[in-house]
Amino acid sequence: MPQLDTSTWFITILSSMITLFILFQLKISSQTFSPAPSPKIMTTEKTNNPWELKWTKIYLPLSLPQQ
């Protein structure tokens with residue numbers, strides 16, 4: 001049975017790893033990433049409701065005069 005020649009395996013594996021590394025670097029460098037999100041300043045506006053302009057008295061059922 002003939003012996004398996006393994007003398008070229010090192011060069012083959014090394015060149016494959018270098019090629020894959022270069023391909024991954026090119027793939028990653030071509031990606032565009034969005035900038036980091038910045039906090040949005042929220043301002044609340046006061047709305048004028050018509051019932052806030054009038055003075056109203058709320059009667060509880062137990063505070064009504066006895067009939």
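How many helices and strands does the secondary structure of the protein chain come to? In this predicted model, the tally is two helices and zero strands. Burial is just as quickly summarised: of the 67 residues in the protein chain, 0% are buried. The accessible surface comes to about 7800 Å², and carbon and sulfur atoms account for 67% of that area.

A helpful place to look next is helix H1, which covers residues 9-29 and includes Ile11. Ile11 has a relative accessible area of 55%; because exposure is assigned over 50%, Ile11 counts as exposed. Ile11 also contributes to a nonpolar surface patch of about 1200 Å². Its partners in this patch are Phe10, Leu14, Ile18, Leu20, Phe21, Ile22, Leu23, Phe24, Leu26 and Ile28.

The database record offers a further point of reference for this part of the chain. An unreviewed UniProt entry carries the annotation "transmembrane region" for residues 6-24. In the model, that span is 84% helix and 0% strand, and its end C-alpha atoms are separated by 28 Å.

Terms used:
Residues are numbered from 1 along each chain as its sequence is written. This is a predicted model: local features need pLDDT of at least 70, side-chain atom pairs count only at pLDDT 80 or more; totals for chains, interfaces and linings use all residues. Side-chain values use heavy atoms; hydrogens and water are left out. Patches are made of residues with over 30% relative accessible area and no salt bridge: like charges are joined within 9 Å, nonpolar side chains (Val, Leu, Ile, Met, Phe, Trp, Tyr) within 5 Å. Accessible areas come from the Shrake-Rupley method with a 1.4 Å probe; for residues, only the protein chains shown count as cover. A salt bridge is a side-chain nitrogen of Lys or Arg within 4 Å of a carboxyl oxygen of Asp or Glu. Helices (H or I, at least four residues) and strands (E, at least two) are DSSP runs, numbered from the N terminus. Buried means under 20% relative accessible area, exposed over 50%, partly exposed in between (1.4 Å probe, protein chains only). UniProt positions are given in the numbering used here, feature names are shortened, and annotations may be inferred rather than shown by experiment.
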